[in-house]
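Here's a quick briefing to read alongside the model. Have the sequence and the 3D view open as you go.

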Amino acid sequence: AKSDKNIHQLLQKIKDCPNIPRKQAKFKNFVKNSLRVHQERWIDQAWDLIMKHAGQANAVNEPPPEKPVNGAHEGQSKAEKEKEQKEQTKKERKEERKRKRQTEVNGDAKEEEEEEEGQLDKTKKKKKRKREEEEGEEETNGETEAKRPAMDTSQEKLNGVEVNEEDSKSTEKFDWEEVITAVLEKKGELPIKKLRKKVLAEYTSRKGEPRSEEKILAKFSKKVNKNPKFKVHKERVKLKK
């Protein structure tokens, strides 16, 4: 056909031209200005044919993809192995530090536990020794009383009434309020610890050693805090005005 002939002639002219534009808009301007061809249809067909030919040429001439060299794989594999080894070493060090810290914590806890057990054993031994001493004193006193002649008891009679100092001590009622008030009147305001020391000393002198120190301390605390005559403020005690 005539149009095919014209397009063929146009392609021949384009072939002889150097530096053919590779974008369609610039290609059209090039054909119109340089080759004096203004038929849009011929220009479009020529462009399509050129692009089609160029695509086929690229497909034929395109080199096959390069196969990776074994050395590259080996290098990559070696690098990955080294990286894994470093990460593993780092992880092992972290675990080791964690184990050491745990061991130190357990060791400290064990030492504290042993110290507490040691203190408990000391307290038990001390109480046991004190109890044995008290029992020994009671036995000694019993033997002394048994050996004493019966006539000696007459010397302890006053106006026909027997007087036993130990019995009088144990039966004598201890007036907590009276003793606490007397100490505060004499000394004024006192720290509660100092007041407790003086009152308990008075209690011991009158009643002897208490059987339960905890009970006697609790009783003192109750007598001080519950009595409206005494004012307790910031671990200090005084008489209310």
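Buried residues make up just 13% of the 241 residues in this predicted protein model, where buried means under 20% relative accessible area, exposed means over 50%, and partly exposed is in between (1.4 Å probe, protein chains only). Residues are numbered from 1 along each chain as its sequence is written. Since it's a prediction, local features need pLDDT of at least 70 and side-chain atom pairs count only at pLDDT 80 or more, while totals for chains, interfaces and linings use all residues; side-chain values use heavy atoms, with hydrogens and water left out.

**Overall layout**

- The secondary structure comes to eight helices and five strands, where helices (H or I, at least four residues) and strands (E, at least two) are DSSP runs numbered from the N terminus.
- Reading from the N terminus, the order goes α-α-α-α-β-β-α-α-β-α-α-β-β.
- About 21,200 Å² of the protein is exposed, and carbon and sulfur atoms supply 48% of that area; accessible areas come from the Shrake-Rupley method with a 1.4 Å probe, and for residues only the protein chains shown count as cover.
- Take the contacts (heavy atoms within 4.5 Å) between residues at least 6 apart in sequence: 52% of them join residues at least 24 apart.

**Charged patches**

- A patch here is built from residues with over 30% relative accessible area and no salt bridge, with like charges joined within 9 Å and nonpolar side chains (Val, Leu, Ile, Met, Phe, Trp, Tyr) within 5 Å.
- For charge, Lys and Arg count as positive and Asp and Glu as negative, with His and the chain ends not counted; the charge is placed at NZ of Lys, CZ of Arg, CG of Asp or CD of Glu.
- The negative surface patch gathers Glu111, Glu112, Glu113, Glu114, Glu115, Glu116, Glu117 and Asp121.
- Glu111 sits in helix H4, which covers residues 70–147, and Glu111 is partly exposed at 48% relative accessible area.
- There's a positive surface patch too, gathering Lys90, Arg93, Lys94, Arg97, Lys98 and Arg101.
- Arg97 is also found in helix H4, and its relative accessible area of 47% makes it partly exposed.

**Salt bridges**

- The count is seven salt bridges, each one a side-chain nitrogen of Lys or Arg within 4 Å of a carboxyl oxygen of Asp or Glu.
- Glu177 and Lys229 pair up through their side chains at 3.4 Å, N to O. The pair links distant parts of the chain, 52 residues apart: Glu177 is in helix H6 (residues 176–187), and Lys229 is in the loop between helix H8 (213–226) and strand S4 (230–233).
- Both ends of that bridge are partly exposed, with Glu177 at 34% relative accessibility and Lys229 at 37%.
- Arg236 and Glu189 meet at 3.1 Å, N to O, in another salt bridge. Arg236 lies in strand S5 (residues 236–239) and Glu189 in the loop between H6 and strand S3 (190–191), so this pair ties together parts that are 47 residues apart in sequence.
- Arg236 is partly exposed at 34% relative accessibility, and Glu189 is partly exposed at 38%.
- Glu202 and Arg206 form a salt bridge with their closest N and O atoms 2.8 Å apart. Both lie in helix H7 (residues 192–207), four residues apart, or about one turn of the helix.
- Glu202 counts as partly exposed at 30% relative accessible area, as does Arg206 at 25%.
- Lys28, Lys32, Glu40 and Asp44 are linked in a salt-bridge network.

**Backbone in the S4–S5 loop**

- Most residues other than glycine have a negative phi.
- Lys234, not a glycine, has a positive phi of about 55 degrees. Lys234 is placed in the loop between S4 and S5 and is exposed, at 70% relative accessibility.
- Glu235 has a positive phi as well, near 65 degrees. Glu235 lies in the loop between S4 and S5 and counts as exposed at 56% relative accessibility.

**Around Arg196**

- Arg196 lies in helix H7 and is partly exposed, with a relative accessible area of 30%.
- Leaving aside residues up to four places away in sequence, Arg196 touches Leu217 and Phe220.
- The C-alpha atoms of Arg196 and Ser221 are 8.4 Å apart, with their positions 25 residues apart along the chain.
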